[in-house]
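Good morning, colleagues. Please look at the sequence and the structure as they come up on the screen, and I shall then take you through the fold.

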Amino acid sequence: MYGNRSLITTTITAVLFILLEVCSALLIVNNGIIQRFKVVGYIHDVQSFIWKQEADLTRFLSYKSDNQALAEENVRLKNIISKYRYRAEKMDSILFSPENGGYFYISARVVRNVINSQHNYLVLNKGESDGVQTGMGVVTPIGVVGIVENTTENYSTVISFLNSTQNVSVKLNESGMFGPMSWDGISTSKSILRGIPSYVDVTVGDSLFTSGYSVIYPPEIPVGTVRNITVADGLSQKIEIDLFEDFRSLHDVYIVGNGNNEELKQLLKDE
């Protein structure tokens with residue numbers, strides 16, 4: 001019983017204290033301009049704090065729905081990108097028609113790339129159904145990759161340039177002299193150019209391009225720069241080349257065909 005009386009007394013005291021504080025605040029506000037502005041300012045600060053907390057709480061509670069909306073938007077954008085990428089690949093897969101003569105290109109992706117032997121090869125995700133044929137070249141904008149060796153309906157294997165059996169006709173930019181370039185057999189980024197006469201001035205750093213003297217590779221594809229020059233046999237030079245193409249990170253390539261390939265082959269055969 002005594003405890004209940006004590007609790008009631010404490011409650012009444014607290015209520016009276018609050019009422020007195022409120023009355024004091026009202027008297028101060030009503031009787032002093034400066035005090036009135038201070039109290040109003042405090043009230044505005046409290047209101048602003050409450051509004052901010054309310055806004056933060058609302059934003060927090062809406063995160064789940066916002067994240068769901070963002071996820072749906074990402075899916076929609078991915079589908080749009082995939083659609084346009086598919087269209088771009090279809091439009092870009094054949095740049096020139098074989099019927100019109102000249103070179104034509106088929107875009108492809110590397111699905112396997114072996115670079116740790118003397119007879120390296122690649123597997124591409126394009127085959128006979130895409131118009132790929134044995135003997136076509138494979139290039140990128142910065143190098144020669146290899147030659148198509150075998151095809152299935154949807155895939156093709158390529159003899160890599162990093163192969164002891166491969167060489168490519170290239171020319172020096174400054175002199176225009178050309179010769180066969182082959183892999184050095186050691187590094188994935190090095191090759192050797194031979195057949196350039198010793199009297200030809202060759203400069204370290206000079207650029208090399210495909211010569212175009214081939215039914216496989218188009219002309220003017222950049223392949224590398226001169227690294228070092230030595231005289232091989234007194235008559236010709238051995239020129240070390242730094243390749244532009246990084247075969248260790250090869251992903252997207254172009255399979256290149258020649259619309260006049262059969263005619264050129266027949267002509268060369270007759271000769």
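Let me begin with a hairpin: strand 3 leads into strand 4 through two residues. Please bear in mind throughout that the model is predicted. Strand 3 comprises residues 137-140 and strand 4 residues 143-151; the two run antiparallel and are joined by four bridges. To place one of these on the display, find V138, whose bridge partner in strand 4 is G146.

Following the chain onward, we meet another hairpin, formed by strand 4 and strand 5 with four residues between them. Here the pairing is again in the antiparallel sense, with five bridges between strand 4 and strand 5, the latter spanning residues 156-163. T151 has S156 as its bridge partner in strand 5.

What lies on the other side of this arrangement, and to which strand is strand 5 joined by five bridges in addition? The answer is strand 2, residues 119-124, which runs antiparallel to strand 5. Within that pairing, L122 of strand 2 is matched with V158 of strand 5.

These pairings belong to a closed arrangement. Six strands form a barrel, in the order 1-2-5-4-3-12, and the pairing is antiparallel. From one strand to the next, the twist averages 45 degrees. As a general point, side chains in a regular strand alternate between the two faces of the sheet.

I turn now to the packing. Which residues touch the most other members of the largest nonpolar core? They are L193 and I255, in a core of 41 residues. Strand 1, residues 103-114, gives the most to this core, contributing six residues.

I255 merits a closer look on the display. Setting aside its neighbours within four places in sequence, I255 is in contact with F104, Y105, I106 and A108, among others. Its further contacts include L124, K126, V132 and M136. G137, V138, V148 and S156 are also in contact with I255. Two of these residues have already appeared in this talk: V138 as the bridge partner of G146, and S156 as the bridge partner of T151.

Finally, the chain as a whole. It has four helices and twelve strands. Of its 271 residues, 29% are buried. Among contacts with a separation of 6 or more, 55% are between residues 24 or more positions apart. The exposed area of the chain is about 17800 Å², of which carbon and sulfur atoms supply 58%.

Thank you for your attention.

Key: Residues numbered from 1 in each chain as written. Predicted model: local features only at pLDDT ≥ 70, side-chain atom pairs only at ≥ 80, totals over all residues. Heavy atoms only, no water. Pairing = 2+ DSSP bridges. Axes fitted to C-alpha atoms, helices over the stretch in contact; angles between N-to-C directions. Buried < 20%, exposed > 50% of the residue type's maximum accessible area, 1.4 Å probe, protein only. Contact = heavy atoms within 4.5 Å. Areas by Shrake-Rupley, 256 points an atom, 1.4 Å probe, with all protein chains shown as cover. Core = buried A, V, L, I, M, F, W, Y, C linked by side-chain atoms within 4.5 Å.
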